[in-house]
Amino acid sequence: MNASAASLGHDDHGHHGPVLQYQPGLPLSRGKLIMWLFLSTEIMFFAALLGSYVVLRFGAAVWPKPHHVHLSEPIGALNTFVLICSSVTVVLALEAARVNKRSLAKLWMLATLLLGSLFLGIKGYEYSAKFSHGIYPAAPRGMIYERPDLYYGSAVRARLGEPAIIERMKELFTAPEAALRPEEVAGRRSLKQVRDMLQSPDQQAFDLAVVADQIMPLPGDSAEGHGHGGGLNDTFPWLQLPMVIPGGNMWASTYFLLTGFHAIHVIVGLIVFAILLLYDLGPKRAGMIENAGLYWHFVDLVWIFLFPLLYLF
Amino acid sequence: MSDSSSDHHAAAAHGPVTSPGASPEDIGHGPDDHHGEGGHGGLWQYLAVFVALCFLTTMSFLTYSPYWPWRDEPQVGWAFMMAVSCTKALLVVLFFMHVLWEANWKYVLTIPAAMMAIFLAIMLIPDVGFRNRMVSQERALHMARGSDLKLLEQAAAGEADHDGHHDAGHVEHHDH
């Protein structure tokens, strides 16, 4: 469109009569208009997601504290910082492209790409930390139970009855004490008791809250370990016993949905930046950079709300 | 996509493209645009916004630190964090997305979207209110309750009373 507008404009310097002229409905380029329209639909998309999160979060009878689900606030804050930095670099890339500093623009663009990748990397690290603790959005991998009831007890018993686990436990129980770390010695004793308690519940005092606490204790507010409370699941990572986190399943669903959709948006942004890096980033590409930047700032914007809602509430 | 400089020339040659006799770019900049040709903000301004954003992030992080005085009333922290987030969002939209310097078309796009988002959120509010009043039997059976958390905390506390570190203390207690 602009190519024709440009040629018309230049043709008109004198020799022709009235020339048909392109008149935009809104005084901005078509690409930018479409980007803004797209962003306004995105606003509604994320408003719906965040709104339902708030409904579920505040409608829930119990919601896990960040420490219960191994969320690390400093890491979340670091990610916020990384994303803010990347927003600044994309703005600087645009400014550099406008004044025809092509290599500088490319450098800032590259910095944006790297910062965005860093964000994704940190997010991936966080996800893997959740997965290693058995926190998944859904069964069968998710091992979160809401309450220490009989369903939970039978799930723990089923896990302890798996042949592979029986084998590992046999190894552990027969190992000489000198070969084990002190917490493993203590854990071994507690594991034995948990197993005995679950396998012959009629003969002993049967408190599943205590079992749950042995497997994965829920740290209190003042916990320094960020959820690494030293339960059986932490001492013996291969055990992967079901654990009790009241409200944990709903938490996992909303957490992975919200951060997952955000991460998809980040990935799309990174692809756009990678494509932009192939071009010569002069004033002619300023419009493209601006549109990509608008999108990226929006992604930043979503995280600005996600961070406190997910990590600090 | 947007060779804006040629748009500019075309408009300058023709006179009015849109009503006030200015090219899209001129409208975009507005009469009180005191910045240079290079762009909207200027480096120092972006830097100031960046510092402000970092400062605000630290502020919302403050609610997590032990220095936050309203630990017992989480609602204060929530309101504070939302205020901080809205401020940050406003800074990003106004400066980084250049909305501050855009023409009036910005209202055409942002106001309806913002209204839809707000209405959407408001329409969800009854759900929060009713959620715990009308619970199916099925859900009531499996729903986690505050009492479950208390139960677990008691279990943890009992263990801490017993011997301080994660030993099999409490389980042993039950054995006898």
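Rings of Phe, Tyr and Trp pair if their centres lie within 6.5 Å. With that in hand I started on the aromatics of this predicted model.

**Entry 1: aromatic residues**

I looked for a cluster and found one made of A:Tyr127, A:Phe131, A:Tyr136, A:Trp251, A:Tyr255 and A:Phe256. Then I ran the search over the whole structure, and it gave 25 aromatic pairs over all chains. One of them is A:Phe81 with B:Phe50, a tilted pair with 6.2 Å centre to centre and 45° between the planes. This pair crosses between chains: A:Phe81 sits in helix 3 (residues 73–98) of chain A, and B:Phe50 in helix 3 (residues 43–62) of chain B.

Are the two partners buried or partly exposed? I get 38% relative accessible area for A:Phe81, so I wrote it down as partly exposed. B:Phe50 has 18% and goes down as buried, because the cut-off for buried is under 20%.

Next I took A:Phe307 and A:Tyr311, whose ring centres are 5.5 Å apart. Their planes meet at 40°, so I noted this pair as tilted. Both residues belong to helix 11 of chain A and are four residues apart, which means about one helical turn between them. A:Phe307 and A:Tyr311 are both buried.

**Entry 2: A:Lys123**

A:Tyr311 led me to a lysine, since the side chains of A:Tyr311 and A:Lys123 make a polar contact at 2.9 Å. A:Lys123 is in helix 4 (residues 102–132) of chain A. Is this lysine buried or exposed? It is buried, with a relative accessible area of 3%. The side chain of A:Lys123 has a polar contact with the side chain of A:Glu126 as well, at 3.0 Å. Leaving out residues up to four places away in sequence, I listed what A:Lys123 touches: A:Asn79, A:Tyr255, A:Thr259, A:Trp303 and A:Tyr311. A:Tyr255 on that list is also a member of the aromatic cluster from Entry 1.

**Entry 3: the largest pocket**

I put the largest pocket at about 1,200 Å³ of space. Its lining counts 37 residues, and those nearest the centre are A:Ile43, A:Phe305, B:Cys86, B:Ala117 and B:Ile118. Which elements supply at least two residues of the lining? From chain A they are helix 2 (30–59) and helix 11 (286–312), and from chain B helix 4 (74–96) and helix 5 (105–130). Helix 5 of chain B gives the most, twelve residues. By class I have 34 nonpolar residues in this lining, two polar and one charged.

**Entry 4: cavities**

How many cavities of 30 Å³ or more are there? I count three. The largest cavity holds about 60 Å³ of space. I noted its lining as A:Val90, A:Val91, A:Leu94, A:Ile289, A:Glu290, A:Gly293, A:Leu294, A:His297, B:Phe96, B:Met97 and B:His98. Helix 3 and helix 11 of chain A are the elements that give two or more residues to it. Helix 11 of chain A has the largest share, five residues. By class, that lining has seven nonpolar, three polar and one charged residues.

The second largest cavity has about 40 Å³ of space. Among its lining residues I noted A:Tyr53, A:Arg57, A:Trp63, A:Pro64 and A:Trp251. A:Trp251 of this lining is another member of the aromatic cluster. I have eight nonpolar, no polar and one charged residues for this lining.

**Entry 5: A:Met243 and helix 8 of chain A**

I looked up A:Met243 in strand 2 (residues 243–244) of chain A. It is buried, with a relative accessible area of 1%. Its touching residues, not counting those up to four places away in sequence, include A:His133, A:Gly134, A:Ile135, A:Tyr145 and A:Met216. From A:Met243 to A:Ala111 I get 42 Å, C-alpha to C-alpha, with their positions 132 residues apart in sequence.

Helix 8 (residues 208–215) of chain A is mostly covered, with eight of its eight residues buried. A:Asp213 and A:Gln214 are among the buried ones.

**Entry 6: chain B overall**

Chain B has eight helices and zero strands. Of its 176 residues, 38% count as buried. I also checked the contacts in chain B with a separation of 6 or more: 43% of them come from residues 24 or more positions apart.

Conventions: Residues numbered from 1 in each chain as written. Chains lettered and ligands numbered in written order. Predicted model: local features only at pLDDT ≥ 70, side-chain atom pairs only at ≥ 80, totals over all residues. Heavy atoms only, no water. Buried < 20%, exposed > 50% of the residue type's maximum accessible area, 1.4 Å probe, protein only. Polar contact = N/O pair within 3.5 Å; in protein donor to acceptor, adjacent residues only side chain to side chain. Contact = heavy atoms within 4.5 Å. 1 Å grid on protein atoms, 1.4 Å probe; cavity = no way out; pocket = protein on both sides within 12 Å on 5 of 7 lines; lining within 4 Å. Points joined across faces, edges and corners; volume = space filled by probe spheres on them. Nonpolar A, V, L, I, M, F, W, Y, C, P; charged D, E, K, R; others polar. Phe/Tyr/Trp six-rings, centres within 6.5 Å; stacked < 30°, edge-to-face > 60°.
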